Structures are given as structure tokens and as C-alpha cells.
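Me: Please take a close look at one residue and the contacts around it in the structure shown below. I would then like to see that residue placed in the context of the whole chain, in one connected account.

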Amino acid sequence: PRRTLLLCWPCADWASDAVCSYLGASGDTVVYVGQETHRPAELDALDLVTVHDIPRWADCTDRLEVYRA
């Protein structure tokens, strides 16, 4: 079965490790929720499939992004 890694406002300490471990285990879909500037750098190597605006506080840039390997 297909699985998806969901990162929802992740701590920088473990988000990169989680993405690397997931991709290393043949995972192929990552959903990231948070600010673009706090996104794990490992997602830059994946294809951005879609971006969705989500409810957020004023002056925040939170959004939902879907990536595929």
C-alpha cells in the first residue's frame, strides 16, 4: 500500500531526518504544512505537485504543499 509522510509544523531538529528516513524506505509522497521558510531542505530535491492555501494568522505564510519523489 502507498503511504504518505505528513509533516505538520515540524521541528527543524527532526524534520530533515524524517524525510531522509522516509525516502530511504521507498516512500514517495510528502505533505508539508507550515511556513515556506521553515520547510526541510530535503524537500527541494522532490517534485512540488501542488500547493494549497490554508487558514492562517495574519502575517503568516503557512500553506500545505504536496511533494513526490
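Reply: A polar contact here is a pair of N or O atoms within 3.5 Å; within protein, one atom must be able to donate a hydrogen and the other to accept it, and residues adjacent in sequence count only if both atoms are side-chain atoms. The model under discussion is predicted. The residue chosen for the close look is Arg 2, found in the segment before S1.

By the definition above, the side chains of Arg 2 and Thr 29 form a polar contact, at 3.4 Å. A polar contact of 3.2 Å also joins the side chain of Arg 2 to that of Asp 28. When neighbours within four places in sequence are left aside, the residues in contact with Arg 2 are Asp 28, Thr 29 and Arg 68. The C-alpha atoms of Arg 2 and Gly 27 lie 8.0 Å apart in space, although 25 residues separate the two in sequence. Is Arg 2 buried or exposed? Arg 2 is exposed, because its relative accessible area is 61%, and the threshold for that class is over 50%.

The partner Thr 29 belongs to strand S2, which covers residues 29–35. Thr 29 has a relative accessibility of 5% and therefore counts as buried, the limit for that class being under 20%. The polar contact between Arg 2 and Thr 29 thus joins an exposed residue to a buried one. Beyond four places in sequence, the contacts of Thr 29 include Arg 2, Arg 3, Thr 4 and Leu 5. Tyr 22, Val 66, Tyr 67 and Arg 68 are also in contact with Thr 29. Arg 68 appears among the contacts of Arg 2 as well.

To place these residues, the overall chain must be considered. The protein chain has one helix and four strands, and their order along the sequence is β-α-β-β-β. For 69 residues, a compact globule would have a radius of gyration near 11 Å, and the 12 Å of this chain agrees with that. Along the principal axes, the C-alpha atoms fill a box of roughly 40 × 25 × 20 Å. Of the 69 residues, 33% are buried. Among contacts between residues at least 6 apart in sequence, 54% join residues at least 24 apart. The accessible surface is about 4,700 Å², and carbon and sulfur atoms account for 54% of that area. The chain carries 6 positive and 11 negative side chains, with the centres of the two sets 9 Å apart.

Two other arginines offer a comparison for the surroundings of Arg 2. Arg 39 is located in the loop between S2 and S3, and its side chain makes a polar contact of 3.1 Å with the side chain of Glu 65. Apart from residues up to four places away, Arg 39 touches Tyr 32, Asp 44, Arg 63, Glu 65 and Tyr 67.

Arg 56 sits in the loop between S3 and S4 and counts as partly exposed because its relative accessibility is 41%. What lies close to the polar atoms of the Arg 56 side chain? The backbone oxygen of Asp 62 is 2.6 Å from one such atom, and the backbone oxygen of Cys 60 is 3.4 Å from a polar atom of that side chain. With neighbours within four places left aside, Arg 56 is in contact with Thr 61 and Asp 62.

The loop between S3 (47–53) and S4 (62–68) also holds Asp 59, whose phi is near 70 degrees. Asp 59 is exposed, since its relative accessible area is 83%. A second positive phi, near 45 degrees, is that of Trp 9, which is found in the loop between S1 (4–8) and H1 (12–24). Most residues other than glycine have a negative phi.

Strand S4 contains Leu 64, which is partly exposed because its relative accessible area is 22%. The C-alpha atoms of Leu 64 and Val 31 are 7.0 Å apart, with the two positions 33 residues apart in sequence numbering. Leu 64 touches several residues beyond four places in sequence, among them Val 31, Tyr 32 and Val 33.

Note on methods. Residues are numbered from 1 along each chain as its sequence is written. This is a predicted model: local features need pLDDT of at least 70, side-chain atom pairs count only at pLDDT 80 or more; totals for chains, interfaces and linings use all residues. Side-chain values use heavy atoms; hydrogens and water are left out. Helices (H or I, at least four residues) and strands (E, at least two) are DSSP runs, numbered from the N terminus. Buried means under 20% relative accessible area, exposed over 50%, partly exposed in between (1.4 Å probe, protein chains only). Contact means heavy atoms within 4.5 Å. The radius of gyration is taken over C-alpha atoms; the globule rule is 2.2 Å times the number of residues to the power 0.38. Accessible areas come from the Shrake-Rupley method with a 1.4 Å probe; for residues, only the protein chains shown count as cover. Lys and Arg count as positive and Asp and Glu as negative; His and the chain ends are not counted. The place of a charge is taken as NZ of Lys, CZ of Arg, CG of Asp or CD of Glu.
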